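Please read the following report alongside the sequence and the model. It moves from the overall form to a few chosen residues.

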Amino acid sequence: MFKGQPKGLFALALANTGERFGYYTMLAILALLMQARFGWSEAAAGQVYAIFLAGVYFMPLLGGIIADKIGYGKCVVLGIAVMFLGYLSLSIPAGNGMWAKVIMCSGLALVAIGTGLFKGNLQVLVGNLYDDPKYSAKRDSAFSLFYMAINIGAMFAPAMARKITEVMLASKGYVYDAACQDPAYLDALSGAYGLCFAVACVSLVLSVAIYFACRNWFKHADVTAKQSKSSDSAAVVELTPKQTKDRLVALFLVFAVVIFFWMAFHQNGSALTFFAKNYTNLTVTGPMRLGFNIWILALIAASVYTCFGMFQSDTRKGKTGCAVATLALWGAAAAIFYFVTPNPVNAQPSDFQQFNPFFVVALTPISMAIFGALAKKGKEPSAPKKIALGMLVAALGFVIITISSIGLKSPMDLAPGETQSILSPGWLISTYLTLTFAELLLSPMGISFVSKVAPPKYKGMMMGCWFAATAIGNYLSSIPSMLWSKIPLMYNWGILIALCLIAAVIMFALMKKIEAATE
C-alpha cells in the first residue's frame, strides 16, 4: 500500500493533515456557532455556511492561476499565513452585535482566500511527483493515500470541538442542551465555539513546520510548466492544440457533473447537522457508544492497516508483528469502551461529522485493495466511470436518511426550540457510511484525473476549476437549508436523490467522449 511511493507524498499529506484539522474543526461548529451567537434560523445559518463553502472552493481557481505564474510552493506558504489570520479573527470573543458579524465574515473571507492559495496548489505538487515515469502507475493509489491522510485531521476535529465545548460549558455550570434558548447559556456556548478556532491556528503552525522541515523531499516537484521548459533537468509533454482542447473539454464535462455530487454531499455541516440536532437521540447507549469515542475510532482505523499488513508483509516477522499490533489495538479499544467510555454517552450534533473522515481513513485500504485486484485483471474502472458510480452510491445514502424520516414531524411544524429526538444515531451513521463510499469513488479519483489530464501549462488553473465546480455545488448545498422549514423532510432528501441520479445518468452518457479525449 505504502511501498514504492515517493517520500514527498507523505510530507505533503502530513502538511495538509494539520490544515484539514483546523478546517474541519470550524466546519463542525460553524452553523451551530451562528445559531448560538446570533440566533439565526437554519435557513440563514445554512445560507452563510454555503456562501463560505463556495468561497473556499472557488478561490483555488484564482490561487491556481496565480501559482501557474509565480510557483506552487510560494502560494502554499502564503495561503497558510492568510488562513492563520482568518482563524485568529474567528476566535475573537466579539459578542453578538454588528461588529461581531463583520469580524466573523472577515475571518471567513480570509480562511477562504488562504485555502484557495493553499489547497489546490498543494495537490498540484502531489500530482507533479507522479509525472516521473518511475511513479506514474501509482498516481491513483497515491491520491487515495493522500486523501486518507488528510482525513485523519478531519476525523479528530469534531471530537476536539466537542471536548472544548464540554469543558467551557462546565466552567459556566452548563451541559450541552440542543433545545436550550437561555441567553446566558447561548453566550457560553458561542464562547466555547470561538475558542475552537484558536486551536485551528495551532494546527496551521504544525502544518507549515512539516512543510518546511520536509521540503527537500518534494522540492523538485515545485516547478511550473514555464520553469520546466527552461530547465535541463525536467521535460514537459508537448500537446497539440487539438489534444489540449480535447483534454480541456473532457475536464469541464467532469467539472459540470460533480457539481451535483458536492451539492448533495456537503449537507454534513447544515441539513444533516440540523437533522442530528432536532431528530436524533443524542443519549447514546449500548454498543453504539463505540462510535462516539474518537480514540476507539482511531484504534479501529489503525487496526485496518495492521490487518492489511499481515497479508502484504514480505516477511514472517512482519506478518507476526502486524498480527500482534492488531490484537493490541483491538484490546486497547475494548478497554476504553468498557472502562472509560461513559454509559450513556451524551453526544452533540457536531459529533456525527467525525464519522465521514473515520470511514475515509478506515475504508481507503479496502478501496485500494479492490481496485488493485481489478487492475491486475485489467478490469479497473476508469476515473470517469468511478465518478458516475459514486453518484449512484450517493443517491443510496440519501435513500437511507429518507427512510428514517418516514413519520417524523416536519421541521415547519416544530415549535421554536422543539426537538423530536427519537431516532437511533445508527440512521445518520449509516448515511455517512454510504456517502463515504461515494466520496472515495469520486473525490480522490477526480483529483487524480485532473492532475493526469490537465495540460501542463494549465495545471494550477485546472485544479482550481475542479474546486470551482465544488464551490458551485457547495453554494447550491444551501437549498435544503433554505427549504428546511418550508417542506417535509422526505421532499428535501428526495431532491438530493434526484440530483445524484440525474448526474450519474449524464456521466454515463458522456463516458465514451471523456475517455476518448484523455487517451
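The text below covers the overall form, the charged pairs and two leucines.

This is a predicted model, in which local features need pLDDT of at least 70 and side-chain atom pairs count only at pLDDT 80 or more, while totals for chains, interfaces and linings use all residues. Residues are numbered from 1 along each chain as its sequence is written, and side-chain values use heavy atoms, with hydrogens and water left out.

**Overall form**

The secondary structure of the protein consists of 17 helices and two strands, where helices (H or I, at least four residues) and strands (E, at least two) are DSSP runs numbered from the N terminus. Along its principal axes, the C-alpha trace spans about 70 × 55 × 45 Å. The radius of gyration is 23 Å, which agrees with the value near 24 Å for a compact globule of 519 residues; this radius is taken over C-alpha atoms, and the globule rule is 2.2 Å times the number of residues to the power 0.38.

Of the 519 residues, 57% are buried, a word that here means under 20% relative accessible area, with exposed meaning over 50% and partly exposed in between (1.4 Å probe, protein chains only). The accessible surface comes to about 21,000 Å², and carbon and sulfur atoms account for 68% of that area, as calculated by the Shrake-Rupley method with a 1.4 Å probe, for which, in the case of residues, only the protein chains shown count as cover. Among contacts (heavy atoms within 4.5 Å) between residues at least 6 apart in sequence, 86% join residues at least 24 apart.

**Charged pairs**

How many salt bridges does the structure hold? There are seven, a salt bridge being a side-chain nitrogen of Lys or Arg within 4 Å of a carboxyl oxygen of Asp or Glu. The table gives some of them.

| Pair | N to O distance |
|---|---|
| E19 and R20 | 2.7 Å |
| K242 and D246 | 2.7 Å |
| E380 and K386 | 2.7 Å |

The surroundings of these pairs can be described one by one. E19 is buried at 0% relative accessibility, and R20 is likewise buried, at 2%. K242 is exposed at 57%, whereas its partner D246 is partly exposed at 24%; the two are four residues apart in helix α8 (residues 241–265), which means that about one helical turn separates them. In the pair of E380 and K386, E380 is partly exposed at 31%, while K386 is buried at 1%. Elsewhere, R162, E166 and D351 are joined into one network by salt bridges that share partners.

**Two leucines**

L272 belongs to helix α9 (residues 271–279) and is buried, with a relative accessible area of 1%. Leaving out residues up to four places away in sequence, L272 touches Q267, I401, L428, Y432, L435 and W493. Its C-alpha atom lies 35 Å from that of E515, a residue 243 places away in sequence.

L423, by comparison, is found in the loop between α13 (383–404) and α14 (425–453), yet L423 also counts as buried, at 10% relative accessibility. Neighbours within four places in sequence aside, L423 is in contact with F275, Y279, T280, N281, S404 and L408. Between the C-alpha atoms of L423 and M263, which are 160 residues apart along the chain, the separation is 25 Å.
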